[in-house]
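Welcome to a short set of exercises with worked solutions. Have a look at the structure first, then try each task before you read on.

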Amino acid sequence: MARAFNFSAGPATLPLEVLQQVQQDLVDYKGAGMSVMEMSHRGKDYAPIHEEAKANFKELCGLGDDYDVLFIQGGGSMQFAMIPMNFLGAGQTADYANMGTWSGKALKEGQKVAALRGATANCVANCAKDIPTRMPFDGEWKFSDNAVYTHICTNETISGAQIKKLPDVKGPLFADMSSDILGIDRDFTKFDLFYAGAQKNLGPAGMAVVAIRKELAAKGSEAIPTLLQYRTHLDNDSMFNTPPTFSIYIFGEVMKWVKRMGKENLFRLNDEKAKKLYDVIDSTGFYRGTALPEFRSNMNVTFRLPSEDLEKRFVEEAKALGMSSLKGHRSVGGIRATIYNAFPMEGVDALVAFMKEFERKNG
Ligand SMILES: Cc1ncc(COP(=O)(O)O)c(C=O)c1O
């Protein structure tokens with residue numbers, strides 16, 4: 001078996017143990033005589049998979065009965081649209097931080113819905129285009145008086161900037177946590193709604209995992225299509241229509257793995273993995289980190305080399321050594337090493353050794 005060290009930002013590497021478990025269960029899930037892929041989502045074999053996955057996620061996030069967890073197709077991007085469709089009514093204002101590509105896309109969707117309804121999607125801080133990349137500084141936030149919600153992105157996957165200290169928001173706080181959910185210690189109860197495309201830190205592609213305060217879901221618009229209302233998913237335990245059962249099953253296996261590993265242990269390992277890479281970046285002037293040090297992500301480590309030509313060679317030579325997907329996002333270039341929970345320390349050590357050697361030969 002030859003597993004690459006897969007630095008992809010998503011779909012991303014999954015825990016090997018989980019893949020092996022899935023392989024073992026693939027054609028006959030625990031004596032059911034069929035794969036999870038083939039089971040009715042309303043049958044007795046699937047029900048515990050669904051419920052346990054939700055319960056473990058809630059436990060890991062420290063959420064009580066006032067929250068529910070929803071599995072919604074359409075990925076993180078669909079949440080950009082569903083949020084304003086549900087919660088931004090005529091004459092109302094929602095606050096959005098524009099902190100990078102992804103929160104910028106969320107703002108755009110908010111503005112579209114606002115334009116249709118005579119509402120306002122207000123930009124409360126804008127550092128999306130700043131180089132070095134970063135999150136808003138404390139004094140920069142200009143909140144509205146009566147925002148129905150404030151939307152942020154906790155980790156900008158492309159820029160490699162991560163929010164370390166949450167802004168002091170008066171109203172409901174919503175967050176896109178696609179690329180750092182359960183990868184860093186956060187108090188999830190500070191958020192009224194948070195979501196993540198599953199394909200990064202949680203499982204395979206195919207859905208977003210959404211945590212929402214139940215009372216909030218009940219306040220959403222009823223004038224939009226049924227499937228786009230959070231209440232529909234909440235009232236039907238994410239089974240109003242056929243849910244992505246196989247993705248939910250693997251997500252559930254990943255949650256069990258996180259519990260076995262211990263989330264605090266994973267947070268510590270993530271910081272250690274990131275530090276090893278940032279230490280090489282900072283050791284000489286050859287590599288240049290793209291994010292301001294105080295906002296450096298412990299999930300997506302972004303950096304540049306002295307030239308694009310060297311960056312191209314860096315990616316190619318690393319690939320030949322079994323380290324894949326180190327190319328930065330096509331919109332920004334450079335190098336991005338993504339090191340989510342399931343990314344092994346040995347892969348980071350291999351990259352560190354390669355970076356040192358590449359600099360020695362080309363510096
Ligand atoms: C922070 C963040 N939000 C949203 C998305 C969009 O997710 P999806 O592709 O699931 O729509 C991504 C995808 O990479 C992301 O990194």
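**Exercise 1. Loops and backbone details**

In which loop does L182 lie?

Solution. Bear in mind that the model is predicted.
- Step 1: Find β8 (173–176) and β9 (193–197); L182 sits in the loop between these two strands.
- Step 2: Now check the backbone of L182. Its phi is positive, about 60°, although L182 is not a glycine.

Next, find the proline that G10 is joined to by a cis peptide bond, and place this proline in the chain.

Solution.
- Step 1: The bond runs from G10 to P11, and its omega is near -10°.
- Step 2: P11 belongs to the loop between β1 (5–6) and α1.
- Step 3: A cis peptide bond also joins I131 and P132, with omega about -5°. Here the proline, P132, is in the loop between β4 (120–126) and β5 (150–153).

**Exercise 2. Around the ligand**

Which helix gives the most residues to the shell around the ligand?

Solution.
- Step 1: List the surroundings. The ligand is surrounded by G10, G75, G76, S77, W102, C153, T157, D176, S178, S179 and G197.
- Step 2: Match the residues with the helices. Helix α3 (residues 75–87) gives the most, with three residues.
- Step 3: Sort the shell by class: two residues are nonpolar, eight are polar and one is charged.
- Step 4: Look back at Exercise 1. G10, whose bond to P11 is cis, is one of the residues around the ligand.

**Exercise 3. Two helices that meet α7**

Describe how α2 and α1 each pack against α7.

Solution.
- Step 1: Start with helix α2 (residues 47–61) and helix α7 (residues 245–261). Their axes come within 9 Å and cross at roughly 40°. α2 is therefore oblique to α7.
- Step 2: Give the handedness: α2 passes α7 in a left-handed crossing.
- Step 3: Name the residues that meet. α2 brings I49, H50, E52, A53, N56, F57 and L60, while α7 brings I248, Y249, F251, G252, M255, K256, V258 and K259. By class, this contact has nine nonpolar, three polar and three charged residues.
- Step 4: Turn to helix α1 (residues 16–25). The angle between α1 and α7 is about 135°, and their axes are 10 Å apart. These two helices are therefore oblique to each other.
- Step 5: α1 passes α7 in a right-handed crossing. On the α1 side E17, V18, Q21 and V22 take part, and they meet I250, E253, V254 and W257 in α7. The contact of α1 with α7 divides into five nonpolar, one polar and two charged residues.

**Exercise 4. The partner of α3**

At what angle do the axes of α3 and α4 cross, and which residues meet?

Solution.
- Step 1: Locate helix α4 (residues 101–117). Its axis and that of α3 come within 8 Å and cross at roughly 35°.
- Step 2: α3 passes α4 in a right-handed crossing.
- Step 3: From α3, the residues are F80, A81, P84 and M85; from α4, they are K105, A106, E109, G110, V113 and A114. Seven of the residues in this contact are nonpolar, one is polar and two are charged.

**Exercise 5. The whole chain**

How many residues of domain 1 are in contact with domain 2?

Solution.
- Step 1: Mark the domains. The domain assignment gives domain 1 (16–260) and domain 2 (263–362).
- Step 2: Compare their positions: the centres of the two domains, taken over C-alpha atoms, are separated by 27 Å.
- Step 3: Count the contacts. 23 residues of domain 1 touch 21 residues of domain 2.
- Step 4: Sort the domain 1 side by class: eight nonpolar, 10 polar and five charged residues.

Note on methods
Residues are numbered from 1 along each chain as its sequence is written. This is a predicted model: local features need pLDDT of at least 70, side-chain atom pairs count only at pLDDT 80 or more; totals for chains, interfaces and linings use all residues. A residue is near a molecule or strand if its C-beta atom, placed from the backbone, lies within 6 Å of it. Helices (H or I, at least four residues) and strands (E, at least two) are DSSP runs, numbered from the N terminus. Ala, Val, Leu, Ile, Met, Phe, Trp, Tyr, Cys and Pro count as nonpolar, Asp, Glu, Lys and Arg as charged, and the others, Gly among them, as polar. Axes are lines fitted to C-alpha atoms, for helices over the stretch in contact, and angles run from 0 to 180 degrees between N-to-C directions. Angles under 35 degrees count as roughly parallel, over 145 as roughly antiparallel, 65 to 115 as roughly perpendicular and the rest as oblique. A crossing is left-handed if the near helix is turned anticlockwise from the far one by less than a right angle, and right-handed if clockwise. Two residues are in contact if their C-beta atoms, placed from the backbone, lie within 7 Å. Domain bounds come from an automatic or database domain assignment.
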